[in-house]
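Hi,

Here's the structure I said I'd pass along. Have a look at it first, then read on for what turned up.

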Amino acid sequence: MLDTPINEVSVSKKAKVFFPNLNGVRALAALMVVVSHIELHKVIFKIRRIPDTDLLNFGKAGVTIFFSLSGFLITYLLLEEKRNFTTINFKGFYMRRLLRIWPLYFLVVFFGFSVFGGGSKAFWLSVLFLPNLAFVLQLLPAIFDPIWSIGTEEQFYIFHPHFFRIKSNRKILNALLIFIACIYVFQFVIEQTMAKHTSYQVIHMLLYYSRFDNMMIGAVIGLIYHNTKHPQFKFRFQRLFDAIFKKASQYILLNAFLIFLIFYLCFDIPHGDVVISALASLLIVNLCEAENTIYSLNHKYLNFIGQISYSVYLLHKFVLFLVLYLVHLYLPAGSLIIENIIIYSAIILGSIGVGSLSYYGYEKPFLTIKKRFQKITQ
C-alpha cells in the first residue's frame with residue numbers, strides 16, 4: 001500500500017497529488033473555530049452561555065490543526081515538485097500563496113479598519129503581515145482578529161520553502177528538527193527571563209502566536225510520509241512510523257487525540273498545542289491513505305465547507321456579531337436549547353453562505369490565475 005503512489009500522474013509539465021480527505025480536515029477545523037467564537041463572544045452581547053462549558057481551547061485546537069495541515073501539505077507538495085522537476089520554482093510558490101491569500105486578506109483588512117477602526121498602528125502592522133503582533137498588543141478589533149493567524153502563515157512561508165534548497169532530503173529533515181529545537185530553546189529562555197522581567201511578556205505571547213513549531217511539526221511528518229512513499233534515505237525510525245498505518249494504531253491515535261482534546265478543553269495544559277499538532281499530523285497522514293484509513297472525512301458537505309474554509313474562517317465573525325446583536329435585541333429570553341439552536345444554525349449557515357459568496361464571487365478569478373503557476377496540481 002505505502003509503495004503505491006497516491007492517485008499521482010506525472011506528465012511533461014504538471015504532476016498531480018490527490019488527498020481526498022483533507023478538505024474534510026479543513027472543514028472540521030474551521031467549524032471548531034466558529035463554535036468556539038460563538039461561546040466566547042456571547043458575553044459581549046449579554047447572551048447566556050451554555051452552562052459548564054469553556055470552548056476557548058476548542059478554537060485553539062482548530063487553529064492548531066490548520067497550522068499542522070498547512071505545514072504538512074506545503075512540505076509534501078514542495079517535495080513532489082522537487083522529485084518531479086528536480087528544482088523548485090520559488091517565484092511560482094510565492095505567486096500561488098499571494099493569489100490564494102492576499103485578495104481576501106486585504107479585503108478584510110481594508111474593510112475592517114475602515115468600518116470598525118483599530119488605529120493606524122494596528123492597520124500598518126496588518127498591512128505588513130504582522131497582525132499577530134497587533135493581536136498580542138490587543139490592537140485588533142475582535143470582529144476581524146482571525147487575521148492574526150494569516151500573518152503567522154505568511155511569515156512561515158517567507159523562510160520555510162528555502163529549506164528545500166538543500167539537496168538531500170535527510171539533511172532537510174535534520175534542518176527542520178534543528179529549527180524546531182531552536183524554537184523551544186528560545187521559548188524556554190524567554191520563559192525563564194520572563195519570570196524576572198515581566199516586560200518580556202509581549203515577546204513570550206508573540207512566540208506563542210507565531211506557532212511556527214506547529215507548522216514545523218506538520219512539515220516533519222509530511223517529509224517522513226513523503227520519504228515513506230518515495231524513499232530517498234533510510235529513516236532510522238521507519239518501522240515505528242509504518243506502525244501508525246495499522247488498524248489498531250489508528251484507533252489508538254484517534255482515541256488519544258479525542259481524550260487529549262477533552263483534557264485540553266477542561267484544563268489549561270502548557271504547550272498543549274504541541275501535542276495537538278503532533279497527533280493531528282499523524283491522523284492527517286492516515287487520512288491521506290484513503291483506502292487504508294479507519295475513518296473518512298471524504299463527504300460532499302465537508303468537502304464543500306473545506307473548499308471555502310479560508311473564506312469561512314476570515315469572515316465568520318462578521319456574521320457572528322450580526323446574529324448575536326439581533327438575538328440580543330429581538331429574541332426574548334426563553335428556552336436555552338431553542339435559543340442556541342437558533343444562534344448556532346444562523347451563524348454556521350450564515351458563515352457558509354458568506355464564505356461561498358466570497359469564494360465564488362470574489363476569490364475564484366484569482367484562483368484561476370493561480371493555476372498558471374502550479375506545477376503540482378491538487
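Which residues make a nonpolar surface patch of about 540 Å²? They are L322, Y325, L326, L329 and Y330. Keep in mind that this is a predicted model. To find the patch, start from L322, which sits in helix α14 (residues 309-330). With a relative accessible area of 49%, L322 is partly exposed, because that label covers values between 20% and 50%.

Now for the whole chain. It has 15 helices and 2 strands. Its radius of gyration is 21 Å, close to the 21 Å that the globule rule gives for 378 residues, so the chain is as compact as a globular protein of that length. If you want a feel for the dimensions, the C-alpha trace spans about 65 × 55 × 45 Å along its principal axes. As for what's tucked away, 53% of the 378 residues count as buried.

One of the helices to look at is α15, which runs over residues 336-370. At its N-terminal end, S335 acts as a cap: a side-chain oxygen of S335 lies 3.4 Å from the backbone nitrogen of I337. Further along, helix α15 has a kink of about 60° at E363, shortly before the proline P365.

Last stop: is E39, in helix α1 (residues 22-41), buried or exposed? E39 has a relative accessible area of 3%, so it is buried. A polar atom of the E39 side chain lies 3.2 Å from the backbone nitrogen of I50.

Cheers

Note on methods. Residues are numbered from 1 along each chain as its sequence is written. This is a predicted model: local features need pLDDT of at least 70, side-chain atom pairs count only at pLDDT 80 or more; totals for chains, interfaces and linings use all residues. Side-chain values use heavy atoms; hydrogens and water are left out. Patches are made of residues with over 30% relative accessible area and no salt bridge: like charges are joined within 9 Å, nonpolar side chains (Val, Leu, Ile, Met, Phe, Trp, Tyr) within 5 Å. Accessible areas come from the Shrake-Rupley method with a 1.4 Å probe; for residues, only the protein chains shown count as cover. A salt bridge is a side-chain nitrogen of Lys or Arg within 4 Å of a carboxyl oxygen of Asp or Glu. Helices (H or I, at least four residues) and strands (E, at least two) are DSSP runs, numbered from the N terminus. Buried means under 20% relative accessible area, exposed over 50%, partly exposed in between (1.4 Å probe, protein chains only). The bend at a residue is the angle between axes fitted to the seven residues ending there and the seven starting there. A polar contact is a pair of N or O atoms within 3.5 Å; within protein, one must be able to donate a hydrogen and the other to accept it, and residues adjacent in sequence count only if both atoms are side-chain atoms. The radius of gyration is taken over C-alpha atoms; the globule rule is 2.2 Å times the number of residues to the power 0.38.
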